[in-house]
Amino acid sequence: MFSRWLSRLCRGLSTPTRRTTQLIWSSASRRLVLSSQRRIPELSSFVARTNTCGELRSSHLGQEVTLCGWIQFRRQNIFLVLRDFHGLVQVVIPQDESAASVKKILCEAPMESVVQVSGTVISRPPGQENPKMPTGEIEIKVKTAKLLNSCKKLPFEIKDFMKKTEALRLQYRYLDLRSVQMQYNLRLRSQMVMKMREYLCNLHGFVDVETPTLFKRTPGGAKEFVIPSREPGKFYSLPQSPQQFKQLLMVGGLDRYFQVARCYRDEGSRPDRQPEFTQIDIEMSFVDQTGIQSLIEGLLQYSWPSDKDPVVVPFPSMPFAEALASYGTDKPDTRFGMKIVDISDMFRNTEVGFLQDALSKPQGTVKAICIHKGAKYLKRKDIESIRKFAADHFNEEVLPIFLKTNENWNSPVAKFIMEEQGLGLVRLLETQEEDVVLLTAGEHKRACSLMGKLRLECADLLEARGVVLRDPALFSFLWVVDFPLFLPKEENPQELESAHHPFTAPHPSDIHLLYTEPLKVRSQHYDLVLNGNEIGGGSIRIHNSELQHYVLATVLKEDVKLLSHLLQALDYGAPPHGGIALGLDRLMCLVTGAPSIRDVIAFPKSFRGHDLMSNAPDSIPPEELKPYHIQVSWPTDAETEKSSSNHPCHSES
Ligand code: ASP
């Protein structure tokens, strides 16, 4: 594992000529680097080494080099393998009496100590070359060595770190970062961001503007972190995104803004979220939806790592209603079929109780998915867990029907399925032998949502049994468009909330409906989905102050005073504008194939929002709270117990 990742990391480092090296990942990326005429990065300028450990080849034979690195491995006090970010190199420990002090340093230094060695690049004796190591043809004959710093006994071996618990990795993050995986992830992230900057600023005239982190409360949207100030009762909020600032930059004539922006949302523990995260934040004046979409397609194409399959543009689009009806979600994974089909009409005179019940209600529907070869791969306990999930999370029944090899339907209620219904299922769902059909019933959105979850669950189950449904090398981008502008609030469906955010413009042909049937208004909001994950979202904005006021005050019932500065700015010649934000962490997670977004962030928070290395958040002595005019109201034991049992997961990561 280690050597595979390492060689992947180092493959692109070509033989240096005139002491220059290239940090590139593959031969394809070499073409990319050279074709864009960029300068080749110099990896050993200004520092106490002449070369990196990973760059030495036969072409360096005879050269005197100085290397700095960590001791990865020592064999019989004869060989030592030295590691830096760039790779591994074998060092021969001198055995002659005259070099006893060098031998002592190199043999006594504990593993992971950091040393500097100087010596000559020599060939390995015939037969001792290591073809698995990029530097495997050579070794270093050491003349001098310096122990730069010794390493105490480690809590885990660097090469084994993936096997350790994530909590331990986060506690010793600085050691975890030495691993090839973390090095690869963070370096690839840096390269992609650099290419994005290049594309936006150099090729398309965007301006990189930093916006404040100490801000004020924004109505609607995510919960914000609160920062006390020295003025009694006054608080800053950390921005959930630079949304207001980027719109104000358009009013200020900046015209094309971007920022690698840090955003903060106090949304509690969620496995794939972080309380602070990074967005590639973009805003443009005089643009429409197609303009933003083309910009993003070009941006991803330009910055995409060249060791992956190239990004094909334009990305397909799907209306929100279709995403919900066919995939049960606004972020469909379109790498595989198993789409949801509405079979309500076919079951109007069913004898199956729960279907009958659902269809007797005005909003009732019956939905189905067909799991190809499900009868062959799904076990009884899988079906049981699917039914339990539906009951626990949706309070709904799911009826599994197996199509046996003899084409007979088999299910607890198969006898109630009439022949024409069976034939209808075969026709609509294109079922074949050994397929399983799952049926559920209920209101459209709810039934689709349940089926969407079961679709993904079944895909996981089939893949666990060896069926390949989703090609891991495939990147399937999709625009989801034509969202409604407002949705009924989940906790109180009489009230409305924005589907995206309150600054999103209505579809021009639906503006009149705002005043009569706001739920029918389509918006100019678009989301970018990659392999079933939302990686970006944006909209064309309202640039008319009156309209913005109406949406905030009348439709959303928000406190407009909080946004008076924005409303005022829109009145002073605000240009039409729109934008988008890409979630950089999630994007990098998908690009690198990392199991969690924490693996593409240098110092992430744990699942429960803690920094396990420094132990933040931490308490503050009461006297330090005084200047902020706040004091802690400590929870009772009962409250503490309640809040910890509300955590869906008690572990830290
Ligand atoms: N600010 C929005 C968000 O963070 C993105 C946008 O509309 O540009 O989701």
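**Note on a predicted model**

1. Arg470 sits in the loop between α14 (444–464) and β17 (477–481). This is a residue of a predicted model, as are the others discussed below. Arg470 has a relative accessible area of 13% and is therefore buried, the cut-off for that label being under 20%. Its side chain makes a polar contact of 2.7 Å with the side chain of Asp460. With neighbours within four places in sequence left aside, the contacts of Arg470 are Asp333, Arg335, Phe336, Leu456, Ala459, Asp460 and Glu463. Asp460 thus appears both as a polar partner and in the list of contacts.

2. The largest nonpolar core has 54 residues. Which of them touch the most other members? They are Ile282, Ile296, Leu300, Trp304, Phe477, Leu528 and Leu587. Helix α6 (residues 180–203) gives this core its largest share, seven residues. Another core lies apart from it and has 23 residues, including Ala390, Phe402, Leu450 and Leu462.

3. Leu300 is worth a look on screen. Not counting residues up to four places away in sequence, Leu300 touches Met196, Val311, Phe315, Phe477, Leu528, Leu582 and Leu587. Three of these names, Phe477, Leu528 and Leu587, can also be found in the list of core residues that touch the most other members.

4. Is α17 (584–592) mostly covered or mostly open? Helix α17 is mostly covered, with nine of its nine residues buried. The buried residues are Leu584, Asp585, Arg586, Leu587, Met588, Cys589, Leu590, Val591 and Thr592. They pack against two helices, α6 and α8 (289–303), and against the strands β10 (276–285), β20 (525–530), β21 (533–540) and β22 (577–583). After the helix comes Gly593, which has a positive phi near 70°.

5. The loop between α17 and α18 (622–625) holds Met613. Met613 has a relative accessibility of 33%, so it counts as partly exposed. Together with Tyr174 and Phe603, Met613 makes a nonpolar surface patch of about 310 Å².

6. Gly609 is also placed in the loop between α17 and α18. Its relative accessibility is 24%, and it is therefore partly exposed. Gly609 and Arg270 are 339 residues apart along the chain, while their C-alpha atoms are separated by 9.2 Å. Leaving aside neighbours within four places in sequence, Gly609 is in contact with Pro275, Ala616 and Pro617.

7. Two of those contacts, Ala616 and Pro617, are themselves joined by a cis peptide bond, with omega near 0°. Pro617 belongs to the loop between α17 and α18. A cis peptide bond also joins Val313 and Pro314, where omega is about -5°. Pro314 lies in the loop between α8 and β11 (317–319). As background, most peptide bonds are trans.

8. The next items to check are backbone angles. Most residues other than glycine have a negative phi. Lys373 is not a glycine, yet its phi is positive, about 65°. Lys373 is located in the loop between β13 (364–371) and α11 (374–377). With a relative accessible area of 25%, Lys373 is partly exposed.

9. His629 also has a positive phi without being a glycine; the value is about 60°. Where is His629? His629 lies in the loop between α18 and α19 (637–645). Its relative accessibility is 46%, so His629 counts as partly exposed. The cut-off for exposed is over 50%, which is why a value of 46% does not earn that label.

10. Last comes Asn51, in the loop between α2 (27–35) and β1 (64–75). Is Asn51 buried or exposed? At 5% relative accessibility, Asn51 counts as buried. Its side chain has a polar contact of 2.7 Å with the side chain of Thr50. A polar contact of 3.4 Å joins the side chain of Asn51 to that of Glu55.

Methods
Residues numbered from 1 in each chain as written. Predicted model: local features only at pLDDT ≥ 70, side-chain atom pairs only at ≥ 80, totals over all residues. Heavy atoms only, no water. Core = buried A, V, L, I, M, F, W, Y, C linked by side-chain atoms within 4.5 Å. Buried < 20%, exposed > 50% of the residue type's maximum accessible area, 1.4 Å probe, protein only. Helix = DSSP H or I, 4+ residues; strand = E, 2+ residues; numbered from the N terminus. Contact = heavy atoms within 4.5 Å. Patch = residues over 30% accessible without salt bridge, like charges linked within 9 Å, V, L, I, M, F, W, Y side chains within 5 Å. Areas by Shrake-Rupley, 256 points an atom, 1.4 Å probe, with all protein chains shown as cover. Salt bridge = Lys/Arg side-chain N within 4 Å of Asp/Glu carboxyl O. Polar contact = N/O pair within 3.5 Å; in protein donor to acceptor, adjacent residues only side chain to side chain.
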